[in-house]
Every structure is written in structure tokens, then in C-alpha cells.
Amino acid sequence: MLTSVSKPLRLLFLYDRLCAGHVIDKKEISQRFGVNARSVQRDIDELRAYLAERAAREGGQYDIVYDRRRKGFVLDGIQSPLMSNSEILAVSKILLESRAFPKAEMSLLLDKLISGCVPQENMKLVSDLLANEKYHYVELTHPAAIQEHLWELAEGIKQHRLLELSYLRQGSEEAVSRVVEPAAILFSEYYFYLNAYIVEKNDAGSYVRKYDYPAVFRIDRILSLQTQKEHFHTEYSGRFQEGEFRKRIQFMYPGQLQQLRFRYTGSSVEAILDRLPTARIRETGPDGFLIEAEVYGKGILMWLLSQGSSVEVLSPQELRREIRQTLLDMLERYGAPD
């Protein structure tokens, strides 16, 4: 019981709880502050008057209403800044599926999320629903604590500062050094990636981009990074747009932008359109769907091969030839049929 708390502090407590999405139980508040239920009701009425004045001034409609199902007073007409219980459960499931963090980091993140459940008993419900997945959570082969790198990279992007990376490439035992213009941080297929333009010094001693398109660095393979004193400038019209890039990339394999045209004869064209956000159906007929899409790099080859005989690439011809050669190599590896 907090009998020494003044009425203004009591009002602030009630308002804070309501804005956070909590339910106000008059009996519980009476016992907490050592006042009778009529005093709590007067507090609620004063808060209602304040919200009505605020609504008249700012627009919208705010009110404190009694929720019979939850057996208490709640704030109506304003969205809580906190996540709901179902949102916490959904995000926790997505986090576990992502396998984005080492087990200790993942457990800590989930505990922080679950602590936001209201009322208190729902914390145990969500914890129980996630307990089995948390227990059997499997880290990636090379778990790395990347959160410090994430923030440093984010600051480099925001401040337009060049970064020097010490980077361990796939299949290599020696790190390489790269100076880059950081452009964006993305997550895909279990890993965080840095999209960045590799730069090198020209004869005048200024840094210039080596390629027109960004390179992709897996952040857990960045051994160290140093923020350089040099800034880089990007025109607003030429800024890197990670949302548009994500629409056109598969498995985070970079490369030149290309126009893909293929025929699909499988059972779920919706799955194709979901996988390739730039895809458009150009023709529909007895021979299936003629689909066009704009894609980056070589990652699309891996996805196309995963579709088996349901897909036939029509163009570009170079990609068609590459798929044909890959299939011939596979056939040779498996040998003649028994």
C-alpha cells in the first residue's frame, strides 16, 4: 500500500498504465494507494475530462471505458505503443524461425519480448508456448555475436562515412580488406548482410566506386571494421533503395540487373509471384504461364533449378545456356539410369 502518494502522482500512474494498454481494476488501485473506490472513480472521471479536452483540441476520440470481458477500465480510441500478446507471440515465432542470433542472444531477446505481455499471467502462457522451440533451438554452424557490428554499420550508413572491412570470404582462410560506402543492412535466409559499394582510390587520390552495383557482405564474416574520416556523398535520386533491391535479389547473390522471362507449368503460380515480387504474368494458356521478372545476380539460378521441370527459362539466353549446362553436369554426375 502506497498511502503517501499524492493525487497528482496517482493520476499520472493511472494515465501511464492506461496508455500502456493495461486494465485498471478499481479495487486493486484502491488497495495499492490506500484510498476508497469513490476516489479512484473520481480519478478516472478527471482523466476522462482531460481526454475529452485533448480530443477536441487535437482531433480523434479518446475515452476510458469499462471492458466487461477484461473486468476493468481500458483506454479506447488510441493505439497502445506496446505490442499486444498475439503480436509478441507472432514476432517470437518469427525470431525463432530466423535463427538469426546465437542461442544466448536469442533467449535474452525472447525474454525481453515476453516481459511485455499483459496481464502478468499471459507471460507464462507465451513462455510455455515457446518453451519447446527455445529448448531445441539450434544455432547456425558459425554463430557470431553481430549486434555491435550492426549498430556500427548503421551509424556509418546514417553518417555517410566510408568503412574499412576485414572480411573473410566463403571458402577462404585469409581475410581481405575492403573500403566501402555502406548502403543498407538486410536480413535473408538466416543471415544479416551489408550492402555496400566497394571503392578504390583513383590517380587523384579520391575514392571512386569500383562497380555500378553494390557488393553483399555477410555481417558475421566481418572480422573487424574501422570507420574512416572520409565521408561520401550520394544524390537523393541515386540513393540505394533496399526495398527495391530486395524485390530483385535471391539468396543475396549480387550481380547485374537482368530481365528474366520464363514459362511456369506448376500448380501454384501464387507462390511464384510471392517469391519474385517483380514478377508479372504476361500470358496464360494451356502451356502454362508466361512470366517476366526483373532480378539481380546469380541467385535466381539456384531458385529456378529448385523448381524442377515446372519452369523453362526463355531469356536471357546466357542464363538459359547456364541452366542447360548445369543440368547436363548433374546428369553426368548421377550417371545412366539402372
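This is a short talk on the salt bridges, the nonpolar cores and one tryptophan of this structure.

Keep in mind that the model is predicted.

Salt bridges to start. The structure holds 14 of them. I will take three pairs.

Pair one is Arg48 with Asp45. Their closest N and O atoms are 3.4 Å apart. Both residues sit in helix α3, which covers residues 37–58. They are 3 residues apart, about one turn of the helix. How accessible are the two partners? Arg48 has a relative accessible area of 25%, and Asp45 has 37%. The band for partly exposed runs between 20% and 50%, so Arg48 falls in it, and so does Asp45. This pair also belongs to a network of salt bridges: Asp45, Arg48 and Asp63 are linked.

Pair two is Lys93 with Glu133. Here the closest N and O atoms are 2.4 Å apart. Which parts of the chain does this pair link? Distant ones: Lys93 is in helix α4, residues 85–98, and Glu133 is in helix α6, residues 121–135. The two are 40 residues apart. Lys93 is partly exposed, at 35% relative accessible area. Glu133 is partly exposed too, at 31%.

Pair three stays within helix α6. Lys124 and Asp128 lie there, 4 residues apart, about one turn of the helix. Their side chains meet in a salt bridge at 2.8 Å, N to O. Are these partners exposed or partly exposed? Lys124 counts as exposed, because its 56% relative accessibility is over the 50% cut-off. Asp128, at 46%, counts as partly exposed.

A general remark on such pairs. Side chains of opposite charge can pair when their charged atoms come close.

Now the nonpolar cores. The largest one has 31 residues. Which members touch the most other members? Leu165, Leu194, Phe217 and Ile219. Take Leu165. Leaving aside residues up to four places away in sequence, Leu165 touches Val176, Ser177, Arg178, Val180, Leu194, Phe217, Ile222, Ser224 and Leu225. There is also a second, separate core of 18 residues. Its members include Leu260, Phe262, Val313 and Ile323. In soluble globular proteins, nonpolar side chains tend to be buried together.

Last, the tryptophan. Trp151 lies in helix α7, residues 147–159. Is Trp151 buried or exposed? Exposed: its relative accessible area is 61%. A nonpolar core takes buried residues, and buried means under 20%. Trp151, at 61%, is therefore not a core member. One distance to finish. The C-alpha atoms of Trp151 and Glu105 are separated by 15 Å, and the two residues are 46 apart along the chain.

Key
Residues numbered from 1 in each chain as written. Predicted model: local features only at pLDDT ≥ 70, side-chain atom pairs only at ≥ 80, totals over all residues. Heavy atoms only, no water. Buried < 20%, exposed > 50% of the residue type's maximum accessible area, 1.4 Å probe, protein only. Core = buried A, V, L, I, M, F, W, Y, C linked by side-chain atoms within 4.5 Å. Contact = heavy atoms within 4.5 Å. Salt bridge = Lys/Arg side-chain N within 4 Å of Asp/Glu carboxyl O.
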